[in-house]
Amino acid sequence: MNKENKISITIDPQSGFCPGVVRAISTAEKQLLTHDTLYCLGDIVHNGQEVERLSKAGLVCIDQKEFEKLNDTTVLLRAHGEPPLTYATARKNNITIIDATCSVVLQLQKKIKEAYSANPDAQIVIYGKIGHAEVVGLNGQCDNKAIIIESEENLDKVDFNKPIILFSQTTKSIETFNQIVDKIKNSIPASTEFIYHDTICRQVANRIPNIRQFAANYDLILFIAGEKSSNGRILFDECRKINKNSYQISDVKKIRQEWFQNVKTVGICGATSTPKWLMDNAADVIKNF
C-alpha cells in the first residue's frame with residue numbers, strides 16, 4: 001500500500017451498541033461518578049476492550065460465586081437479565097441492585113413466567129444459546145425446567161405429544177426461529193397444542209439485512225466483535241456469506257497490513273456489543289499504514 005493508493009474507509013452507522021447495552025453502560029458510568037468501585041454481575045458487555053475501559057473507571061465484573069459472597073454493597077445487573085435466584089440472594093445479603101436489564105428482555109422474562117404459571121403441564125421451549133446469560137435468566141423464570149434448543153437438530157429433546165410453548169432469546173435469527181416453528185408444526189399431531197412467541201428484538205434482528213447490504217458495497221469488510229459475542233458470530237457469518245474478503249477481530253492490534261493490498265474500499269462494522277470508539281480506532285490504524 002502506498003500514498004498513491006489511498007483507501008476509502010466507511011464505518012457502518014447501523015453497527016455498535018444496541019439500546020439495551022447503551023443504557024447499561026451509561027448507568028454504570030453514572031454510578032461510577034459517585035462510587036469509587038461498582039460491582040457488575042458478569043461482563044457488562046461481551047467486548048473485552050469496553051470491559052477494560054470501564055474497569056479502569058472502577059467497574060469490577062464478578063461471577064456468580066463471588067456475588068454470593070458479597071454483603072452490604074451495590075451490584076449492577078447488566079442488560080442480559082438475571083434469574084429470580086439472583087434477586088433472592090441480593091435480598092438475603094443486603095445487596096442493593098441497580099437493574100440495567102434490557103426492557104425487551106424483561107418483557108420476555110415476564111411472558112415466560114406467565115406461560116409457565118398458566119400452563120404447568122406444557123413444555124417451555126427456548127430457542128437460544130445454552131449457557132448464555134440471557135438464556136440462564138429466562139430459564140430461571142420457569143424454575144429451570146425449560147428445554148433449550150440451539151437449532152432444529154435439538155428438537156429431539158421435545159416431546160411432540162405434549163403441549164409446547166416456544167420462545168426465543170432476543171438476539172437470535174428470525175429465519176432460524178421460523179424454520180423451528182415450521183419443523184414443530186410438521187412434527188406434532190393435530191391434537192397437540194403448540195403456541196409460539198416471536199420474542200426476537202427487531203433492533204437486533206434488523207442488523208442482519210442491514211449488514212448484508214453493507215458488506216456488499218466494499219472490497220474488504222473488517223468486522224469487530226468480542227470473542228464472547230454470540231451476536232457477533234451471527235453477524236460476521238452474514239458478512240462472510242456476502243463478502244468473502246471479510247475479517248473478524250476483537251482488538252485493533254490484530255489488524256494486518258497485508259489484508260489491504262490492492263484494496264480501494266473498506267467497510268468497518270461490528271456487533272451490538274461493539275463500541276463506536278473501537279471502530280473509530282480501527283479506521284485510524286488503517287489510515288496510518
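Here are some short exercises on the structure above, each with a worked solution.

This is a predicted model, in which local features need pLDDT of at least 70, side-chain atom pairs count only at pLDDT 80 or more, and totals for chains, interfaces and linings use all residues. Residues are numbered from 1 along each chain as its sequence is written, and side-chain values use heavy atoms, with hydrogens and water left out.

**Exercise 1. The core**

Find which helix or strand gives the most residues to the largest nonpolar core.

Let's start with the term: a nonpolar core is a set of buried Ala, Val, Leu, Ile, Met, Phe, Trp, Tyr and Cys residues joined through side-chain atoms within 4.5 Å. Buried means under 20% relative accessible area, exposed over 50%, and partly exposed in between (1.4 Å probe, protein chains only).

- Step 1: the largest such core has 21 residues, and Ile25, Leu38 and Leu76 are among those with the most contacts inside it.
- Step 2: α1 (19–32), β2 (38–41) and α2 (48–56) each supply at least two of its residues. Helices (H or I, at least four residues) and strands (E, at least two) are DSSP runs numbered from the N terminus.
- Step 3: α1 gives the most, with five residues.

**Exercise 2. The sheet**

Work out which strands stand at the edges of the four-stranded sheet.

- Step 1: write down the order of this open sheet, β3-β2-β4-β5, with parallel pairing. Two strands pair if DSSP finds at least two bridges between them.
- Step 2: check one pair: β2 and β4 (residues 74–77) are joined in the parallel sense over three bridges, and Cys40 stands opposite Leu76 in β4.
- Step 3: β3 (59–62) and β5 (96–99) each have a single partner strand, so one side of each is left without a neighbour in the sheet.

**Exercise 3. A helix pair**

Describe how α9 and α10 cross, and which classes of residue make the contact.

- Step 1: the axes of α9 (residues 207–215) and α10 (residues 230–242) come within 9 Å and cross at roughly 35 degrees. Axes are lines fitted to C-alpha atoms, for helices over the stretch in contact, and angles run from 0 to 180 degrees between N-to-C directions.
- Step 2: the crossing is right-handed.
- Step 3: the contact (heavy atoms within 4.5 Å) includes Ile208 and Ile211 of α9 and Leu235 and Cys239 of α10.
- Step 4: by class, there are seven nonpolar, no polar and three charged residues.

Conventions. Left-handed = near helix turned anticlockwise from the far one by under 90°. Nonpolar A, V, L, I, M, F, W, Y, C, P; charged D, E, K, R; others polar.
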